[in-house]
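Biologist: Could you take me closely through one part of this chain, the surroundings of a single loop residue and the sheet it touches, and then carry on to the other elements that can be described with care? I would like one connected account that I can follow with the model open.

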Amino acid sequence: MQTLSDPDSRLSTARVLILGAGFAGLATAIRLGKERAKAQVTLVSRRNYHLFTPLLYQAATGLVDPDHIAQMVRPAARKYGFTLFEGEVSNVDIDAKTVQTSFGDLAYDYLVLAMGSENNDFRIRGVSEHAISLKTLPDAQRVHSKIIDSLERSLVTGDQAKRKRLLTFVIIGGGATGVELAGSVRDFVQFLVRDYPGLAEDQLSVVLVELMQNLLPGLSRYLSEQTYRILNKRGIQIRLNSRVMEASDGGVLLSGGELIETGNIFWTAGTKSPKLVDSLDVEKERGRIKVDQFLRAREHPEIFAIGDLASISDLKTGEKVPWTAQSAVQEGDWVGIALSRVLSGRKIEPFVYQDKGYMLSLGRQVGVAEFRHLKTSGFFGWLLWRIIHIALITTTRSRLGVIFDWTFAYFYKRNAAHTEH
């Protein structure tokens, strides 16, 4: 089996530069610290916090405080001995081994590209103007405000057609984020409508639109079928095999000619690599950096690409490794170990992805989970999802904050303040 080594690197302390503080980049930096790698490790991020994206939809629907899923990176930098710089990356000069940033140039011996992904609207007419994506904290706050605003406006209008549009919520994209957002939006508006005299639950509509013939494309049949069953039972309208042709003030036009009249369009249908990746002279596959079995860019052994911007094949199955937080953490952790071994002249084995299962929360006390030896749905699936996600949160402050938010939301009310106008 092919191995990777760099015995000459023992002669001096190597400069390892990591771009991105998402799951992949942060896992790399932390693992390098744990391994006490012979390196000067620098992490560059456009923000000084790590966003716990699996709970982003809950920030959008009032279940958690946005601050509680923004985990500060500097305490980790101090603990694990890496340097954090906040700034924008404008260019990577592969030949000169330098990265141009908003605060100056940084040289590297090894580069780890882990900047995540950006929203992809596939250039569908009207999406960028009329739909709200869900990739960042500001996005979550916009979704939250939009839901509240629609309820407030629906209460004061006497136009029944307008009220129906305001009380119809359309989520485009039936992947993991889309189905979880759909379930949570349904819960959110059901809770809220009780405080709006004159509005009733039967006036609310949540519609989930998916291009493919099943929900959760790429995941198992069990997860797809159980998710469809649960969401359908909860009154969420599901449109499969439906391509979005246009988004407008009037609503969402589908390929079959149906116009879903709505004033609330939430986009979770796709992602793409950051613009920086487009300018890199490396081999790509559908816009993502194609890597070898050591997660290195082809023909550039000093450059690792991990997370959402990388196209990684599973050595066992040949299938593409999914772009999930679980995958990103594994890849980052592996790169941290690999680099520490390389820098001390030891050999490493190729990256092997370990599928640890999948879980989804689809609303209040209902979820679905599939592991190697366990499949479950309903309350137990929901409970498992909560326990495991709490364990994945890295800071005590965020963990306790989320537990408090969940407890308060369960017994009392979700955050429904209309803070954005």
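Modeller: Arg-125 counts as exposed, because its relative accessibility is 58%, above the 50% that exposure requires. This is a predicted model, and every value that follows is computed from it. Arg-125 is found in the loop between strand 10 (118-119) and helix 4 (127-130). Leaving out residues up to four places away in sequence, Arg-125 touches Met-245, Glu-246 and Ala-247. One of these partners, Met-245, lies 120 residues from Arg-125 along the chain, yet the C-alpha atoms of the two are separated by 7.1 Å.

The residues that Arg-125 touches lead to strand 15, which covers residues 244-248 and is joined to strand 16 (residues 251-254) by four bridges, the two strands running antiparallel. Within this pairing, Val-244 stands opposite Leu-254 of strand 16, and the hairpin that joins strand 15 to strand 16 passes through two residues. Strand 16 in turn pairs with strand 17 (residues 259-261), again in the antiparallel sense, over three bridges. Two of the residue pairs can be named here: Gly-251 has Glu-261 in strand 17 as its bridge partner, while Leu-253 has Leu-259 in strand 17. Strand 16 and strand 17 also form a hairpin, with four residues between them, and in its turn Gly-257 has a positive phi of about 100°.

Taken together, these three strands form an open sheet in the order 15-16-17, with antiparallel pairing. Strand 15 and strand 17 stand at the edges with a single partner strand each, so one side of each is left without a neighbour in the sheet. From one strand to the next, the twist averages 15°. As background, strands of a sheet pair through backbone hydrogen bonds, in either a parallel or an antiparallel sense.

A second sheet can be read in the same manner. Its three strands form an open sheet in the order 6-7-8, and the pairing is antiparallel. Strand 6 (89-93) and strand 8 (104-107) are its edge strands, each pairing on one side only. Neighbouring strands here are turned by 20° against each other on average, with direction ignored. Four bridges join strand 6 to strand 7, the two running antiparallel, and within this pairing Asp-93 has Thr-98 in strand 7 as its bridge partner. The hairpin of strand 6 and strand 7 has four residues between the strands, and there Lys-97 takes a positive phi near 55°. On the other side, strand 7 (residues 98-101) is joined to strand 8 by four bridges, also in an antiparallel arrangement, and the bridge partner of Gln-100 in strand 8 is Asp-105.

From the sheets we can turn to a pair of helices. Helix 5 (residues 137-156) and helix 7 (residues 176-193) pack at an angle of about 40°, and their axes are 11 Å apart. That angle makes helix 5 oblique to helix 7, and helix 5 passes helix 7 in a right-handed crossing. On the side of helix 5, the residues that meet helix 7 are His-144, Ile-147, Ile-148 and Leu-151, and they face Val-185, Phe-188, Val-189 and Leu-192 of helix 7. By class, this contact has seven nonpolar residues, one polar residue and no charged residues.

Helix 5 also holds Ser-150, which counts as buried because its relative accessibility is 0%, under the 20% that sets the limit for burial. Leaving aside neighbours within four places in sequence, Ser-150 is in contact with Leu-166, Phe-169 and Asn-264.

A further serine, Ser-340, is found in helix 10 (residues 325-343), and at 4% relative accessibility Ser-340 counts as buried. With neighbours within four places in sequence set aside, the contacts of Ser-340 are Leu-32, Glu-35, Ala-37 and Arg-346. Ser-340 and Ile-238 are 102 residues apart along the chain, and their C-alpha atoms are separated by 48 Å.

To return to the part you asked about, Arg-125 is an exposed residue in the loop between strand 10 and helix 4, and the residues it touches, with those up to four places away in sequence not counted, are Met-245, Glu-246 and Ala-247.

Technical notes:
Residues numbered from 1 in each chain as written. Predicted model: local features only at pLDDT ≥ 70, side-chain atom pairs only at ≥ 80, totals over all residues. Heavy atoms only, no water. Pairing = 2+ DSSP bridges. Axes fitted to C-alpha atoms, helices over the stretch in contact; angles between N-to-C directions. Parallel < 35°, antiparallel > 145°, perpendicular 65-115°, else oblique. Left-handed = near helix turned anticlockwise from the far one by under 90°. Contact = heavy atoms within 4.5 Å. Nonpolar A, V, L, I, M, F, W, Y, C, P; charged D, E, K, R; others polar. Buried < 20%, exposed > 50% of the residue type's maximum accessible area, 1.4 Å probe, protein only.
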